[in-house]
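Open the model in your viewer and keep the selection tool at hand. This tour tells you what to pick next and what you will find there.

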Number of protein chains: 2
Amino acid sequence: MAQSKVSAIAQDLVDKIKHQQYKPGEYLPSEHQLMDLYGASRETIRKALTSLTDLGLIQKIRGKGSIVLNLDRYTFPISGISSFAELNNQLGLKAETKVLLLQKEDHLPTSFIKYFPEEKNSAGFHLERLRLIEGQADVLDCDYLLSPPINSLPKDAAETSIYNYLENKEKLEISYATKEISVCKVDKRIQDLLQLDNKLAVLVASRNYLADTTKFELTLSYHRPDKFKFVDFARRKKIKF
Amino acid sequence: MAQSKVSAIAQDLVDKIKHQQYKPGEYLPSEHQLMDLYGASRETIRKALTSLTDLGLIQKIRGKGSIVLNLDRYTFPISGISSFAELNNQLGLKAETKVLLLQKEDHLPTSFIKYFPEEKNSAGFHLERLRLIEGQADVLDCDYLLSPPINSLPKDAAETSIYNYLENKEKLEISYATKEISVCKVDKRIQDLLQLDNKLAVLVASRNYLADTTKFELTLSYHRPDKFKFVDFARRKKIKF
DNA sequence: CAGTGGTCTAGACCACCCT
DNA sequence: GGGTGGTCTAGACCACTGC
């Protein structure tokens, strides 16, 4: 399953932290002990630990060890690129998706142009989905899947998980994204769909890319302001841009 | 200056990308060429490239090379933990800071308790600063610097850069943070300070930590919704939590 | 085929923490 | 002092790209 030794070790450590085998405030076994435990060289162990550090799961302290960080902050950062379906599974919420629209277009729909002017003339699949949590409409996801590289998009994939379809059926490697969070005024239609008191919604706009740097998806997610929460873990950067 | 060979190489590559010596869409020199260029081993080069990958500056493609990504998206992600002073320098805006309040407290002020109940009884320095950009009040930063570990906080540090003071004068190593972005209702005072039409503001709440895992700062930043923008770069995570 | 990045190793030396 | 993490090296083998 695991593609590499490093990620297998990292995943195993994450699982053990999740299941409280290593608890917040405690130290992980030392790198030498982990070498024995996993039969790996020190650099291999260190690469695995680096990924846990990036995730905000541990903090390494020189001369002492790797300490497991608290994540009982109610909300654990699940940033990175995740799909709604994946977030649901992880959070265990009663969620529902209503597909409002799915159709092929020759040009970028007008509602996207303001945010993605560079794709004005691109063909793609226009998809709108309303996300309900506990019966409440919380998010309107508007997607535009660029074609190429996406050739087809079955309705049932839209209802369950596009990412699952693209990665497992179409064998596309989803790699990275740029996101922008802002607050915007929405039209009457969106206001009604999300049952908003006023015209303000939180907008998350993102451009999503494959591993070969092909842009494949534009997303506009409109969130009810009172339900929106974005949680992030950040490390102080040593590199100045 | 550079603490390590890896970060010196990474910084040099970043600088060259910034100055268009390596342009978006082009490939960096191969890892072997970079080995010769910097007189480093391959793993050392690769660690430097990994940090550029994490920053979203390059994408590595197997069998081909490391391609410089587009960042002419107007807004380049400068997330991570950055201070207002640092963001200004990088963005080159005409900004101004007004210190509204700076005083020692024995307990957490009430306005913080809702978001940081766990620090209710902690002593610290309460600091409020209004951030003006081009003459417009855009952000109200409310900080609470926990004492311990912070023993003193001069007024001029508050006016310029707390982080500069803490890192260079107090020799504290600022390491990581958890942030939460949401939308909240503010009281009349904040509404007036930010000249808001209504009571809604974007709130960024964060807990900031030192390298030894000591929590040292709580922050509540209230943003004008029409001026708020948060830009992020994210990679698809291979590790499931 | 040669060139690229992806992975892993075994060993070295250093800096820091603790007792 | 012995144990911890921080850094760097030289070399190996693999998988993919492109000619």
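**Stop 1: DNA strand C**

Begin with the surface near DNA strand C. By class, this surface holds two nonpolar, ten polar and ten charged residues. Keep in mind that you are looking at a predicted model.

Select the residues around DNA strand C; there are 22 of them. The closest are A:Lys5, A:Thr44, A:Gly63, B:Ser30 and B:Gly63. Now colour by element. H1 and H3 of chain A each give two or more residues to this surface, and so do helix H2 (31-38), H3 and strand S2 (65-68) of chain B. Which element gives the most to the surface near DNA strand C? Click on H3(A): this helix supplies three residues.

**Stop 2: DNA strand D**

Move to DNA strand D. Around this strand there are 22 residues. Those that come nearest are A:Ser30, A:Gly63, B:Lys5, B:Thr44 and B:Gly63. Two or more residues each come from H2, H3 and S2 of chain A, and from H1 and H3 of chain B. Here H3(B) gives the most, with three residues. Sort the surface near DNA strand D by class and you get two nonpolar, ten polar and ten charged residues.

**Stop 3: helix H3 of chain A**

Go back to chain A and select residues 42-55. This is helix H3, with 14 residues. Put a distance label between its end C-alpha atoms: they are 20 Å apart. At 1.5 Å a residue, the helix should span 20 Å, so the two values agree.

Next, which residues of H3(A) are buried? Select A:Ile45, A:Lys47, A:Ala48, A:Leu49, A:Ser51, A:Leu52 and A:Leu55. Then look at what covers them. The cover includes helix H1 (5-18), helix H2 (31-38), strand S1 (58-61) and strand S2 (65-68) of chain A. Step past the end of the helix to A:Gly56. This glycine follows H3(A), and its phi is positive, near 85 degrees.

**Stop 4: the whole of chain A**

Zoom out. Chain A has eight helices and nine strands. Its C-alpha atoms fill a box of roughly 60 × 40 × 40 Å, taken along the principal axes. Chain A has 241 residues, and 29% of them count as buried. Now think about contacts in chain A with a separation of 6 or more. Residues 24 or more positions apart account for 59% of these.

For an exposed spot, pick A:Gln103, in strand S3 (residues 95-105) of chain A. Why does A:Gln103 count as exposed? There are 10 other C-beta atoms within 10 Å of this residue, and 12 or fewer counts as exposed. Now add A:Lys169 to the selection. The two residues are 66 apart along the chain, and 20 Å separates their C-alpha atoms.

**Stop 5: paired strands in chain A**

Select strand S6 (residues 174-185) and strand S7 (residues 200-210) of chain A. They run antiparallel and are joined by eleven bridges. Find A:Ile181, which stands opposite A:Val204 in S7(A).

Add strand S8 (residues 215-223). S7(A) and S8(A) pair in the antiparallel sense, over eight bridges. One place to see this is A:Ala205, whose bridge partner in S8(A) is A:Leu220. These two strands form a hairpin with four residues between them. In the turn, select A:Thr213: its phi is positive, about 75 degrees.

**Stop 6: where the chains meet**

Show both chains. The contact takes 49 residues from chain B and 48 residues from chain A. On the side of chain B that touches chain A, at least two residues each come from helix H1 (5-18), helix H3 (42-55), strand S1 (58-61), strand S6 (174-185), strand S7 (200-210) and strand S9 (229-235). S6(B) gives the most, with ten residues. By class, that side of chain B has 24 nonpolar, 13 polar and twelve charged residues.

Now select S6(B) with strand S9 (residues 229-235) of chain A. These strands pair across the chains in the antiparallel sense, over seven bridges. Look for A:Val231, which stands opposite B:Glu180 in S6(B).

**Last stop: the two copies**

Lay chain B on chain A. A turn of 180 degrees and a shift of 0.0 Å along the axis does this, with an RMSD of 0.1 Å. That is the relation of a two-fold axis. Finally, colour the interface residues on each chain. Of those in chain B, 98% are also interface residues in chain A, so the copies meet through the same surface.

Terms used: Residues are numbered from 1 along each chain as its sequence is written. Chains are lettered from A and ligands numbered from 1 in the order in which they are written. This is a predicted model: local features need pLDDT of at least 70, side-chain atom pairs count only at pLDDT 80 or more; totals for chains, interfaces and linings use all residues. The expected span of a helix is 1.5 Å times one less than its number of residues. A residue is buried if 20 or more other C-beta atoms lie within 10 Å of its own, exposed if 12 or fewer, and partly exposed in between; C-beta atoms are placed from the backbone. Two residues are in contact if their C-beta atoms, placed from the backbone, lie within 7 Å. Ala, Val, Leu, Ile, Met, Phe, Trp, Tyr, Cys and Pro count as nonpolar, Asp, Glu, Lys and Arg as charged, and the others, Gly among them, as polar. Two strands pair if DSSP finds at least two bridges between them. A residue is near a molecule or strand if its C-beta atom, placed from the backbone, lies within 6 Å of it. Copies are superposed by least squares on the C-alpha atoms of residues with pLDDT of at least 70 in both.
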